[in-house]
Amino acid sequence: MDKFVIRGGEPLLGTVRVSGAKNAALPCMAAALLTDQPVILENIPQVRDIQTTRNLLTAMGAEVELGYGRAQHRTTIHCENLATPEASYELVKTMRASTLVLGPLVARCGRARVSLPGGCAIGARPIDLHIKGLEQLGAKITQEHGYIEARADRLKGAEIAFDKITVTGTEDLLMAATLAEGETVLENCAREPEVADLADLLNKMGAKIGGAGTPTIRVKGVSKLKGAKHRIIPDRIEAGTFVIAAAMTGGDLNIAGCNPAHLGAIISKLHEVGVKTRTNGDSVRVMGDNPFTAADLSTEEYPGFPTDCQAQFMALATQAEGTSVITENIFENRFMHALELVRMGANIKIEGRRAVVRGKTPLSAAAVLASDLRASASLVLAALVADGETIIDRVYHIDRGYEHIEEKLKGVGAQIRRIGEMFPKKAAAVKG
Ligand code: UD1
């Protein structure tokens, strides 16, 4: 299993480039299931979850080409024949977002069989809202042997109000509604930029969607969708991770190729603690030369502070002057990183959904364990400022969502190396 070895103490200096958004690429790849024509996606990040999605689609009969040259992060997905509209437990258990195929499959093939995701490191994460919404669109759903089976001759447009805001739930029903008969109105939708990006692709494919990125999305169903070419938006969570890393290490870092408009909550939180930033086009420069102070933080749905950057902010809070209270509102049990940070010398008390972080504590290198994707990122950030050499085990979690993070960090001055190699260099182009 791969590990990172990180020697702390170097400020991050220079320019780092942000990859395409994993959380936009995944639903866009699932959207290719809605048409028998090829869908071409550019700016696909080279991360493990993309490979898992490729495996998921090819197991159904899709042809997926992944071109991973230096400049070419592109995939072509052709779902002409979908012999097996199924997502197996083996794949769903490694990536919960696999449930994104449920809506498109039942809409296009009239049936879908998808494993229930079960628990994961950051809580129960049910998919009841996906199921309820599909039922409202007329699908017959049964559950057996750990699988959900959905069937419908043709879905029918409906008015659906989500009881709770869900990102992949919104995306799943949005995709299903594109091929439904009549109009669908989705209320209380997730407003994340990744939802709007998916809607952009779907509209290029011939869908009739309005309001994506707002709480109310209207979809006029069409009988067929066609192929399209689309460029995935930049990854705001990766960008946010670099913003926090620059501030923590007292660096001067230019984060290029991002969309600063998507980083509003993260940047304003950093301003609150006293970090200076400057935005220029698609770049954000972080000037971390002055000490920063504590601030309370609550995670919220977009445009609030993202739960996917909570763990990284907690690492920063260990180095802030004063006490920060961090409240996790989106997921229960998303503080696994806190215990590892404490092993490195942090002072963190967990009280239910709140973590009380007392700074500033010196961190010292230790052997630590990555428990999930964003928790791993927070351990990398802590290691960048820790005294000595930290060894982070199970970095396959970070490989799920960060493209070559060790190379990017090394490029801006971090002392980081990988033991083992997750992506063998020869696998430049993969066809499946
Ligand atoms: C997506 C992101 C993930 C991010 C999360 C919240 C992708 C691939 N993943 O995950 O990185 O952390 O949004 O921003 O885009 N819920 C239910 N029933 C449902 C669905 C969700 O109760 O049917 C609950 C969840 O348990 C959670 C909350 O709703 O408490 C939000 O979850 P959701 O937005 O669905 O997260 P994901 O879409 O899985």
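In the predicted model, a network of salt bridges links Asp2, Asp399, Glu406 and Arg418. Within this network, Asp2 pairs with Arg418, and the closest N and O atoms of the two are 2.7 Å apart. Because Asp2 belongs to the segment before β1 (3-7) whereas Arg418 belongs to strand β24 (residues 415-419), this pair ties together parts of the chain that are 416 residues apart in sequence. Asp2 has a relative accessible area of 9% and is therefore buried, the limit being under 20%, and Arg418, at 17% relative accessibility, likewise counts as buried.

A further salt bridge joins Arg7 to Glu389, with a separation of 3.8 Å between the closest N and O atoms. This pair also links distant parts of the chain, since Arg7 is placed in strand β1 and Glu389 in strand β23 (residues 389-393), 382 residues apart. Arg7 counts as partly exposed at 37% relative accessibility, and Glu389 counts as partly exposed at 38%.

Between two helices, a salt bridge is formed by Lys408 and Glu238, whose closest N and O atoms are 2.7 Å apart. Lys408 lies in helix α14 (residues 405-411) and Glu238 in helix α8 (residues 236-248), so that parts 170 residues apart in sequence are tied together by the pair. Lys408 is buried, with a relative accessible area of 14%, and Glu238 is buried with a relative accessible area of 2%. In total, the count comes to 22 salt bridges.

Turning to the ligand, 19 residues lie around it, of which Leu129, Thr166, Thr168, Asp308 and Ile330 come nearest. Oxygen atoms of the ligand take part in several contacts: one is 3.0 Å from an N or O atom in the side chain of Asn23, one is 3.3 Å from a polar backbone atom of Pro126, and one is 2.6 Å from a polar backbone atom of Ile330. The ligand taken alone exposes 740 Å², of which the protein buries 90%.

The elements that contribute two or more residues to the shell around the ligand are α5 (128-136) and α6 (167-178), and α5 gives the most, with three residues. By residue class, the shell around the ligand divides into eight nonpolar, five polar and six charged residues. Because both domain 1 (4-18 + 234-428) and domain 2 (22-231) give residues to this shell, the ligand lies between the two domains.

Definitions and conventions
Residues are numbered from 1 along each chain as its sequence is written. This is a predicted model: local features need pLDDT of at least 70, side-chain atom pairs count only at pLDDT 80 or more; totals for chains, interfaces and linings use all residues. Side-chain values use heavy atoms; hydrogens and water are left out. A salt bridge is a side-chain nitrogen of Lys or Arg within 4 Å of a carboxyl oxygen of Asp or Glu. Helices (H or I, at least four residues) and strands (E, at least two) are DSSP runs, numbered from the N terminus. Buried means under 20% relative accessible area, exposed over 50%, partly exposed in between (1.4 Å probe, protein chains only). A residue is near a molecule or strand if one of its heavy atoms lies within 4 Å of it. A polar contact is a pair of N or O atoms within 3.5 Å; within protein, one must be able to donate a hydrogen and the other to accept it, and residues adjacent in sequence count only if both atoms are side-chain atoms. Accessible areas come from the Shrake-Rupley method with a 1.4 Å probe; for residues, only the protein chains shown count as cover. Ala, Val, Leu, Ile, Met, Phe, Trp, Tyr, Cys and Pro count as nonpolar, Asp, Glu, Lys and Arg as charged, and the others, Gly among them, as polar. Domain bounds come from an automatic or database domain assignment.
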